[in-house]
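Please work through the exercises below with the sequence and the structure at hand. Each task is followed by a worked solution.

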Amino acid sequence: MAEHTPDYPPRTPPPPKRPLSPPRPETSLQGTARARMQVRNRRSANWSLEAAPWSAKKATGHVLDRLHEWGYREADQAAAALTELLVRTAVADGGRRVSVHLADQDRQALIVALSHRPGLAITDDAVLAELNACGAVACGTDTADDGRRLWAILAL
C-alpha cells in the first residue's frame with residue numbers, strides 16, 4: 001500500500017508571545033567565604049547606620065537602651081566601650097553604612113558590627129587585643145566579599 005501524503009501543510013504552533021528570558025544567575029551559597037549570620041531563639045535587635053564619625057556614639061546609645069530594656073544595667077561601661085570600638089573599627093573600613101546587631105542569652109550579650117565594604121583585604125586582628133581589654137569574654141573578626149564582621153561577647 002502506498003503512503004498517503006496530506007494535501008495541506010501540517011499545522012505549526014504559533015510563535016511565543018514574549019521572547020524567551022535568559023537563564024537566571026546562579027544564587028547558591030557555594031563558593032562564598034562565610035554563611036549569613038543567623039540569630040535564633042533569643043532576644044535580638046539590629047540597627048543600620050551611616051558610616052560616619054558619629055555612628056559609634058549613636059550605636060552605643062541604641063545598645064545601652066536595649067540592654068536596659070532587657071533588664072541589664074550592670075555592664076554599661078563595658079558594653080559602651082565594646083560597642084564604640086566595634087563600630088569605630090567598622091566605620092574605618094570606609095563603607096557607606098554600618099550595621100550593629102545585639103543578642104542576649106544566659107546573661108551574655110553578643111554585639112556585632114558589620115562594615116558592608118566589599119573587597120577588603122585579609123582580616124586585621126589588631127583590634128582583638130583592644131576588645132579583650134574592654135571586657136570581652138570572647139571576640140573575633142572575619143572578612144568576606146560583603147565586608148568585615150567584628151563581634152564581641154560580654155558577660156552581663
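The exercises that follow concern a predicted model and go from the chain to one of its helices.

**Exercise 1.** Determine how many helices and strands the chain has and in which pattern they follow one another.

*Solution.* Step one is the count: the chain contains three helices and five strands. Step two is the order, which along the sequence reads β-α-α-β-β-α-β-β.

**Exercise 2.** State what share of the chain is buried and what share of its contacts joins residues 24 or more positions apart.

*Solution.* The chain has 156 residues, and 35% of them count as buried. Among contacts with a separation of 6 or more, 65% are between residues 24 or more positions apart.

**Exercise 3.** Check whether the span of helix H1 agrees with its number of residues.

*Solution.* Helix H1 covers residues 55–69, that is, 15 residues. The expected span is 1.5 Å times one less than the number of residues, which gives 21 Å for H1. The end C-alpha atoms of H1 are 21 Å apart, so the two values agree.

**Exercise 4.** Establish how the buried residues of H1 are arranged and what covers them.

*Solution.* First, list the buried residues of H1: Ser55, Ala56, Ala59, Thr60, Val63, Leu64 and Leu67. Viewed down the axis of H1, these residues fall within an arc of 160°, and therefore line one face of the helix. Next, consider the face turned away from that buried side: Lys57, Asp65 and Glu69 are exposed there. Finally, the cover over the buried residues of H1 includes strand E1 (44–50), helix H2 (76–92), strand E2 (97–105) and strand E3 (108–114).

Notes:
Residues are numbered from 1 along each chain as its sequence is written. This is a predicted model: local features need pLDDT of at least 70, side-chain atom pairs count only at pLDDT 80 or more; totals for chains, interfaces and linings use all residues. Side-chain values use heavy atoms; hydrogens and water are left out. Helices (H or I, at least four residues) and strands (E, at least two) are DSSP runs, numbered from the N terminus. Buried means under 20% relative accessible area, exposed over 50%, partly exposed in between (1.4 Å probe, protein chains only). Contact means heavy atoms within 4.5 Å. The arc is that of the directions from the helix axis to the C-beta atoms.
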